[in-house]
Amino acid sequence: MNILGYTISTLYPLWPVTEQTIINTINPHSFCVAQKDATFSNALKTAHYLIPDGAGIVLAAKVLHGKTIPRIAGADMHQHLLDEAQKHGLRVFYLGASDKTLALIKQKIATRYPAITVASFSPPYKDVFTNEDNRQMQEQVNNFAPHILFVGMTAPKQEKWVLANKDHLNASIICSIGAVFGFFAGTTKRPGIFWQKAGLEWLPRLLREPRRLWRRTIISTPQFLWYLLKAKLSNQQA
């Protein structure tokens, strides 16, 4: 596992890849969820790249290791991979979201990235997929054989799905990016540059969707800071 520590170019060149590469993101909320979900924890730990998508992760790197690292949002990774795909004329597949969102993504790709061949599939909206659901998703991906597979089912569902199905997927790079599907399609507005640079991108999102996101701020943030404090004290005593 490699937690990116400098700039997104740390990953360059991503193409060509010599083996299937899994890219996941981590933020304070996902870290806290992983403490109580062994499968999700394993999905994060076994990823080839785990990118710091959260100001809390940047803070932890500074507090625990004395390293100053930039936050790399899932949207930044998505942009980076699309730039690589455009440069090399790759095939890109989007798995997740609604048919409406996927149609908007395809329109945007066709306009901005004409060298990319794109396909997509909207899986059923349910908490647990059946074997037939998984077979259908695998078939949709493998028939297209993408160089890059973006999975957008929200965490931890997407990371756990990739962990369980990656050995059956004909895709070189698999990247779980959740809400980025909506950001890129324009169905969900991403907070502006000011909020991104200030490490406060979560705040406008919380104000827009308090019922869905309140747990991340009210519960997970204090939990993460407690985990961080304990880790710091443990390091000092070691």
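Select strand S4, residues 91-96, in this predicted model, and look at how far the rest of the protein covers this strand: 5 of its 6 residues are buried. Keep S4 on screen and add strand S5, residues 117-121, which pairs with S4 in the parallel sense over 5 bridges. To find a point where the two strands face each other, pick Val92, which stands opposite Val118 in S5. Now show helix H5, residues 99-112, as well, and follow the chain as it crosses from S4 through H5 to S5 in a right-handed β-α-β crossover.

Return to S4 and add strand S6, residues 148-152, since S4 also takes part in this pairing: S4 and S6 run in the parallel sense and are joined over 5 bridges. Here the residue to pick is Phe93, which stands opposite Leu149 in S6.

Next, move to the loops on either side of S6. Which loop holds Ala145? Ala145 is found in the loop between helix H6, residues 131-144, and S6, and its phi is near 50°, a positive value in a residue other than glycine. Most residues other than glycine have a negative phi, and most peptide bonds are trans.

Then go to the loop between S6 and H7, where you will find Thr154. Thr154 is not a glycine either, yet its phi is positive, at about 70°. Is Thr154 buried or partly exposed? With a relative accessible area of 44%, Thr154 is partly exposed, because partly exposed covers the range between under 20% (buried) and over 50% (exposed). In the loop between S6 and helix H7, residues 157-165, select Pro156 too, and look at the peptide bond that joins Ala155 and Pro156, which is cis, with omega at about 0°.

Now select helix H1, residues 28-36, whose buried residues are Pro28, His29, Ser30, Cys32 and Ala34. At the start of H1, show the side chain of Asn27 and find the side-chain oxygen that reaches to within 3.1 Å of the backbone nitrogen of His29.

For the last stop, select helix H11, residues 210-237, and within this helix pick Leu229. Leu229 is partly exposed, with a relative accessible area of 41%. Add Trp226 and Leu233 to the selection, and you will see the residues that, with Leu229, make a nonpolar surface patch of about 300 Å². An α-helix has 3.6 residues a turn, so residues three or four places apart point the same way.

Note on methods. Residues numbered from 1 in each chain as written. Predicted model: local features only at pLDDT ≥ 70, side-chain atom pairs only at ≥ 80, totals over all residues. Heavy atoms only, no water. Patch = residues over 30% accessible without salt bridge, like charges linked within 9 Å, V, L, I, M, F, W, Y side chains within 5 Å. Areas by Shrake-Rupley, 256 points an atom, 1.4 Å probe, with all protein chains shown as cover. Salt bridge = Lys/Arg side-chain N within 4 Å of Asp/Glu carboxyl O. Helix = DSSP H or I, 4+ residues; strand = E, 2+ residues; numbered from the N terminus. Buried < 20%, exposed > 50% of the residue type's maximum accessible area, 1.4 Å probe, protein only. Polar contact = N/O pair within 3.5 Å; in protein donor to acceptor, adjacent residues only side chain to side chain. Pairing = 2+ DSSP bridges. Right-handed = clockwise from strand over helix to strand, strands pointing away.
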